[in-house]
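Hi,

Here is the structure I said I would pass on. Have a look at it, and then read on for what I found in it.

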Amino acid sequence: MIAKGPLVFFLVVLVAPGFICECTIGPNCRSTEACINNQCQDPCASPTACGTKARCQTVNHRTSCSCPPGRTGDPNVKCSKL
């Protein structure tokens with residue numbers, strides 16, 4: 001079934017009893033979510049989304065990692081105190 005909105009297409013496919021496929025690609029989800037295992041999810045919810053002590057923000061279906069104030073380093077690996 002494909003439901004069409006003014007600018008949004010949403011695909012829902014029943015693939016197995018009790019399992020509903022919400023998405024096949026990121027744009028099927030809100031911009032603050034990504035398509036992970038056919039489900040719209042916040043990629044920042046994963047403990048490995050960013051490095052140690054880094055901040056994670058989801059922007060256009062992807063993680064954006066940054067070191068918070070007072071820390072420096074590669075936010076994808078580790079943010080250390082200044």
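Before anything else, please keep in mind that this is a predicted model. I'll begin with one residue, then widen out to the whole chain, and finish with the cysteines.

Glutamate 33 sits in the loop that runs between β4 (19–21) and β5 (34–36). With a relative accessible area of 14%, glutamate 33 falls under the 20% cut-off, so it counts as buried. What does its side chain make a polar contact with? The partner is the side chain of arginine 30, at 2.8 Å. Glutamate 33 also has contacts further along the chain: if you set aside neighbours within four places in sequence, it touches Cys40, Gln41, Asp42, Pro43, Thr58 and His61.

Asparagine 28 is found in the loop between β4 and β5 too. Its relative accessible area is 15%, and asparagine 28 is buried. The asparagine 28 side chain reaches the backbone nitrogen of threonine 24, at 3.0 Å.

Now the overall picture. The protein has 10 strands and 0 helices, so if you read the elements from the N terminus on, you get β-β-β-β-β-β-β-β-β-β. Of the 82 residues, 23% are buried. The accessible surface comes to about 5900 Å², and carbon and sulfur atoms account for 57% of it. As for contacts with a separation of 6 or more, 19% of them link residues that are 24 or more positions apart.

One hairpin is worth opening up on your screen. Strand β7 (residues 55–59) pairs with strand β8 (residues 62–66) in the antiparallel sense, over 5 bridges. Valine 59 stands opposite arginine 62 in β8. Between the two strands there are 2 residues, and asparagine 60 in this hairpin takes a positive phi near 50°. Histidine 61, which lies in the loop between β7 and β8, has a positive phi as well, near 75°, though it is a residue other than glycine. Is histidine 61 buried, exposed or partly exposed? Its relative accessible area is 21%, which makes histidine 61 partly exposed. You may remember His61 from the contacts of glutamate 33.

Lysine 53 is another residue with a positive phi, about 65°, although it is not a glycine. You'll find lysine 53 in the loop between β6 (39–41) and β7. At 53% relative accessible area, lysine 53 is exposed.

That leaves the cysteines. How many disulfides are there? The count comes to 5. If you number the bonded cysteines in sequence order, they pair up as 1-3, 2-4, 5-7, 6-8, 9-10. Here are three of the links in some detail.

Take the one between cysteine 29 and cysteine 40 to begin with: the S to S distance is 2.2 Å, and with -85° about the S-S bond the link is left-handed. Cysteine 29 belongs to the loop between β4 and β5 while cysteine 40 is in strand β6, so this pair ties together parts that are 11 residues apart in sequence. Cysteine 29 counts as buried at 8% relative accessibility, and cysteine 40 counts as buried at 16%. Cys40 also turned up among the contacts of glutamate 33.

Next come cysteine 50 and cysteine 65, which form a disulfide with their sulfur atoms 1.9 Å apart. The torsion here is -80° about the S-S bond, and the link is left-handed. Since cysteine 50 lies in the loop between β6 and β7 and cysteine 65 in strand β8, the pair ties together parts 15 residues apart in sequence. Cysteine 50 and cysteine 65 are both buried.

The last one I'll describe joins cysteine 67 to cysteine 79, S to S 2.0 Å. The torsion about its S-S bond is about -85°, so this disulfide is left-handed. Cysteine 67 is in the loop between β8 and β9 (71–74), and cysteine 79 is in strand β10 (residues 78–81), so the pair ties together parts that are 12 residues apart in sequence. Cysteine 67 is buried, and cysteine 79 is too.

Cheers

Note on methods
Residues are numbered from 1 along each chain as its sequence is written. This is a predicted model: local features need pLDDT of at least 70, side-chain atom pairs count only at pLDDT 80 or more; totals for chains, interfaces and linings use all residues. Side-chain values use heavy atoms; hydrogens and water are left out. Helices (H or I, at least four residues) and strands (E, at least two) are DSSP runs, numbered from the N terminus. Buried means under 20% relative accessible area, exposed over 50%, partly exposed in between (1.4 Å probe, protein chains only). A polar contact is a pair of N or O atoms within 3.5 Å; within protein, one must be able to donate a hydrogen and the other to accept it, and residues adjacent in sequence count only if both atoms are side-chain atoms. Contact means heavy atoms within 4.5 Å. Two strands pair if DSSP finds at least two bridges between them. Accessible areas come from the Shrake-Rupley method with a 1.4 Å probe; for residues, only the protein chains shown count as cover. A disulfide is a pair of cysteine sulfur atoms within 2.5 Å.
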